[in-house]
Amino acid sequence: MATPGRYPLAIVGAGALGLHFAAGLAAVGPVALVARNAARADALRAGVQVGARLFVPEIFAPDALPAADWVILLVKTGDTAEAARTALALQPRGVLSLQNGLIEATLRAECRTVPVGQGITTEGAFREGSRVQPAGAGDTLLPAGFEAVADALCMAGFRARVEPQIAAARLAKLLVNVAINPLAALFRVPNGALLEPPHRVLLEALVHEAWPVLRQAGLDLDEDAALARVVAVATATAGNRASMLQDVLAGRRTEIDAITGTLLTMAEAGGVELPTHRAVFTLVRRLAPS
Ligand SMILES: NC(=O)c1ccc[n+]([C@@H]2O[C@H](COP(=O)([O-])OP(=O)(O)OC[C@H]3O[C@@H](n4cnc5c(N)ncnc54)[C@H](OP(=O)(O)O)[C@@H]3O)[C@@H](O)[C@H]2O)c1
């Protein structure tokens, strides 16, 4: 139930996934979309093509914000802190991240006065020039406390639910991301190519190194199941370009710090070295700014 005079929902980050979710949500109720700055907001005010439809968002810049009950954060991980401050300025009841990597600690540090949480989504979208192309329906899992957001997403036709084991689900997503994203970016191949020689041996090495660290943190998969999860995702997305590859090709900053960097920090805390992850981390950072 929305509070009068406030948006029930806002999304900070008018990029591929933010516009994709906003377009779906706006079909069933008001949603405020917050762009990086006034120039970007002005550019979007005339409308943007999202799939087959021209979406005209209710768009705002960080210096002129409405109030909103719930905020979804959909910026790249390097922009999390600034976007979280914007989210807080919307005076929300809670801030939910659906970003990749593990960023809940950053979110909590910036938004001390409201509940925060990080969910995961396998919903997909990519930017193609000025338009956004949905890349297939997925599942969106949210932490407890964000039932209102899950209900809104479901009403808009997205598959979404609160997941009691959200921490384990985030770790499983991190496992997939640390295995697929850096290799796809380094070798500039679609995900399916990682299942074949010569890349497969590296994919398996990354899973083999990551699994004990993630298991220790609460991943609920044994090593065979962990590899099977990564292989299943690479198979299901065989023709897709991983987001890190798209970032490298576009000369954009990658999310390597929040993905492989997070894993390396977790390993270091346990006194463990992950040489293959360290190598791909160093190489990806040299490919593009992180
Ligand atoms: N795309 C997918 O299919 C997908 C799937 C699952 C998870 N994710 C995750 O979702 C997150 C967003 O991904 P994406 O593909 O949507 O990225 P994206 O297309 O790069 O969109 C991010 C948007 O955030 C904007 N932004 C940056 N800082 C901001 C700020 N302080 N305030 C407001 N807006 C700001 C950017 O503005 P500019 O345009 O000015 O840079 C950009 O439009 C990432 O963590 C990604 O890993 C994406």
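**Cavity and ligand shell: worked exercises**

By class, the lining of the largest cavity comprises three nonpolar, five polar and two charged residues, where Ala, Val, Leu, Ile, Met, Phe, Trp, Tyr, Cys and Pro count as nonpolar, Asp, Glu, Lys and Arg as charged, and the others, Gly among them, as polar. The model is predicted, so that local features need pLDDT of at least 70 and side-chain atom pairs count only at pLDDT 80 or more, while totals for chains, interfaces and linings use all residues. Residues are numbered from 1 along each chain as its sequence is written, and side-chain values use heavy atoms, with hydrogens and water left out.

**Exercise 1.** Work out where the largest cavity lies with respect to domain 1 and domain 2.

*Solution.* Begin with the lining, the residues that have an atom within 4 Å of a cavity point (on a 1 Å grid over the protein atoms alone, where a 1.4 Å probe fits but cannot get out); among them are Q99, N100, R170 and N177. Next, domain 1 (7-162) and domain 2 (166-287), whose bounds come from an automatic or database domain assignment, both contribute lining residues, and the largest cavity therefore lies between them.

**Exercise 2.** Identify which atoms of A14, G15 and N100 lie by an oxygen atom of the ligand.

*Solution.* Take the backbone first: an N or O atom of A14 is 3.5 Å from a ligand oxygen atom, and one of G15 is 3.4 Å from a ligand oxygen atom. Then turn to N100, which places a side-chain N or O atom 2.8 Å from an oxygen atom of the ligand.

Terms used. A polar contact is a pair of N or O atoms within 3.5 Å; within protein, one must be able to donate a hydrogen and the other to accept it, and residues adjacent in sequence count only if both atoms are side-chain atoms. On a 1 Å grid over the protein atoms alone, a cavity is a set of points where a 1.4 Å probe fits but cannot get out, and a pocket is an open set with protein on both sides within 12 Å along at least five of seven lines; lining residues have an atom within 4 Å of a point.
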